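User: I am new to reading protein models. Could we go through this one by question and answer?

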Amino acid sequence: MNTSKAPELALFPLTAEVNNQRHLVIGGCDVVDLANEFGTPLYLFDEFTLRHKCREFKDEFCKYYPDTLVIYASKAFLNRALARIFKEEDLGLDVVSGGELSIAHSVDFPLNKVYFHGNNKTPEELNLALDLGVGRIVVDNFYELELLNRLAGEKGISQNILLRLTPGVDPHTHQYTTTGTIESKFGFPLATGQAEEVVTQALSASNLNLLGLHFHLGSPVSDIQPYELAIELVLRFGREMGGKFGFNLSEFGIGGGFAVPYTLDSKVPTIADYARVVTDKLNGLISGLGLSRPRLIIEPGRAIVGQAGVALYKVGAIKEIPGIKKYVCVDGGISDNIRPALYGAKYEALVANKASEAEKEMITIAGKLCESGDILVRDVNLATVHPGDIIAIPVCGAYSIPMASNYDAMPRPAIVMVKESQARLIRRRETYQDLMSLDLI
Ligand SMILES: Cc1ncc(COP(=O)(O)O)c(C=O)c1O
């Protein structure tokens with residue numbers, strides 16, 4: 001592994017380096033060779049970086065708060081190969097659908113370490129969770145509380161639950177990914193009295209066992225102060241519920257949302273920073289309020305898979321509008337990464353077969369989909385490209401693949417895991433046949 005990385009490699013996986021052909025290398029594999037072998041667009045995941053991030057979260061949080069359970073937020077990206085890695089790394093899992101739950105089950109993931117989230121879990125999904133023995137269901141609304149209590153009763157099960165609360169704290173992130181404010185579709189607001197109401201209902205639900213409280217502020221949250229505010233509000237609420245109704249807070253979930261840098265100039269806290277500030281706050285309040293120590297649950301998604309993932313595209317058409325703009329068009333786009341179009345997300349890029357070229361020009365990387373908004377990276381300095389060159393975009397491991405679509409009937413990309421100079425396909429590329437396989441004439 002390269003420990004002193006060139007600045008332009010800083011956002012790439014921890015194993016990134018440049019070989020003597022000036023090609024980008026990840027996990028010991030020349031990515032230009034991978035693009036030739038597996039085709040493009042291609043998503044790469046670096047196993048070393050993935051495992052390193054899992055361990056970093058565990059080490060940093062447990063250092064200050066030993067009873068911390070790290071549960072990976074599957075929505076950032078889950079497939080069977082990743083689920084197996086998280087199982088080996090002894091993480092728990094946050095799932096939000098019967099689909100994510102089924103992926104976990106398919107690799108014998110310990111289901112007692114699975115937390116089931118979501119604002120509209122269907123009766124079928126709740127039944128599946130109960131049948132599989134999911135560890136915790138994080139109840140999001142009154143409808144779900146009643147439904148789950150009834151379904152668990154029908155099966156003779158006492159189901160462990162947490163309640164998702166909306167603390168009313170603004171995490172200062174994109175409106176579409178803000179969840180902890182009072183108008184959110186998620187959770188029981190503290191401010192309206194509904195949080196107190198649901199605690200009393202949950203405590204008297206005969207088939208539910210209320211173990212704790214949860215909040216999730218949004219994603220990505222690059223300012224730690226909102227976590228501190230929300231921790232204080234929810235912990236104080238928990239203590240109040242203890243005093244009023246004898247509620248015992250044995251689990252306390254602070255969600256995910258830990259940010260990662262996407263661009264070279266972005267400054268976000270490190271995992272160690274989040275761990276120190278969050279646990280400082282928690283430890284201080286626990287002693288100050290005389291609480292017994294709940295298990296801390298954290299749900300990182302992006303911060304575990306983001307940096308591990310790289311997207312590779314092949315350059316095709318190049319369109320120059322003299323004095324105005326130069327577009328470099330690639331063979332993917334919003335069909336495999338909708339984040340720039342959806343959230344205005346920003347990325348950096350590198351020409352993977354000219355990785356150490358000093359001379360650069362300002363271009364815009366456009367996708368091939370039939371939308372003017374299909375721009376992957378705006379105004380980025382790149383080595384001069386020609387058709388056939390390979391462009392690598394770093395920090396593509398989170399929320400790209402899971403939001404991929406077949407828009408314009410684009411087959412979804414293949415995904416390759418790299419480790420110690422070996423590359424293995426962990427999802428094959430979709431074919432035109434796949435696209436038609438569900439159609440009936
Ligand atoms: C409840 C919950 N937990 C965790 C996460 C993970 O967020 P991130 O990937 O930013 O860590 C999300 C994402 O929105 C979420 O809704």
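User: Is Glu124 buried or exposed?
Analyst: This is a predicted model, and the count used here comes from its backbone. Glu124 has 9 C-beta neighbours inside 10 Å. A residue with 12 or fewer such neighbours is classed as exposed, so Glu124 counts as exposed.

User: Where is Glu124 placed, and what separates its C-alpha atom from that of Gly98?
Analyst: Glu124 has its place in helix H5, which covers residues 123-132. Along the chain, Glu124 and Gly98 are 26 residues apart. The separation of their C-alpha atoms is 8.1 Å.

User: What is the order of the strands in the open sheet of 3 strands?
Analyst: The pairing in this sheet is antiparallel. Its edge strands are S1 (17-18) and S3 (29-30), each of which pairs on one side only. Strand S2 (residues 24-26) pairs with S3 over 2 bridges. The order is S1-S2-S3.

User: Which residue in S3 stands opposite Ile26?
Analyst: Strands S2 and S3 pair in the antiparallel sense. Opposite Ile26, in S3, stands Cys29.

User: How many residues of strand S11 are buried?
Analyst: Strand S11 spans residues 208-214 and is mostly covered. Of its 7 residues, the number buried is 6.

User: In what sense do S11 and strand S12 pair?
Analyst: Strand S12 holds residues 251-253, and 3 bridges link it to S11. Within this pair, Gly212 stands opposite Glu251 in S12. The sense of the pairing is parallel.

User: How many bridges join strand S9 to S11?
Analyst: Strand S9 covers residues 159-166 and runs parallel to S11. One of the partnerships is that of Asn160 with Asn209 in S11. The number of bridges joining S9 to S11 is 6.

User: Why is H2 described as roughly parallel to H9?
Analyst: Two packed helices are described by the angle between their axes and the distance between the axes. The axes of H2 (residues 47-64) and H9 (residues 271-289) come within 9 Å and cross at roughly 30°. Angles under 35 degrees count as roughly parallel, so H2 is roughly parallel to H9.

User: Where is Pro220 found, and what is the peptide bond from Ser219 to Pro220, cis or trans?
Analyst: Pro220 is found in the loop between S11 and helix H8 (225-245). Most peptide bonds are trans. The bond from Ser219 to Pro220 has an omega near -10°, and it is cis.

User: Which residues come nearest to the ligand?
Analyst: The ligand has 18 residues around it. By class, this shell has 7 nonpolar, 7 polar and 4 charged residues. Those that come nearest are Ala73, Ser219, Gly256, Gly301 and Arg302.

User: Is Tyr399 buried or exposed?
Analyst: Tyr399 lies in the loop between strand S19 (390-394) and S20. Although not a glycine, Tyr399 has a positive phi of about 60°. With 24 other C-beta atoms within 10 Å, where 20 or more are needed, Tyr399 is buried.

User: Is Ser421 buried or exposed?
Analyst: Ser421 is found in the loop between S20 and S21, and has a positive phi of about 70° although it is not a glycine. In the same hairpin, Glu420 takes a positive phi near 45°. Ser421 has 11 C-beta neighbours inside 10 Å, so it counts as exposed.

Methods. Residues numbered from 1 in each chain as written. Predicted model: local features only at pLDDT ≥ 70, side-chain atom pairs only at ≥ 80, totals over all residues. Pairing = 2+ DSSP bridges. Helix = DSSP H or I, 4+ residues; strand = E, 2+ residues; numbered from the N terminus. Near = placed C-beta within 6 Å. Nonpolar A, V, L, I, M, F, W, Y, C, P; charged D, E, K, R; others polar. Axes fitted to C-alpha atoms, helices over the stretch in contact; angles between N-to-C directions. Parallel < 35°, antiparallel > 145°, perpendicular 65-115°, else oblique.
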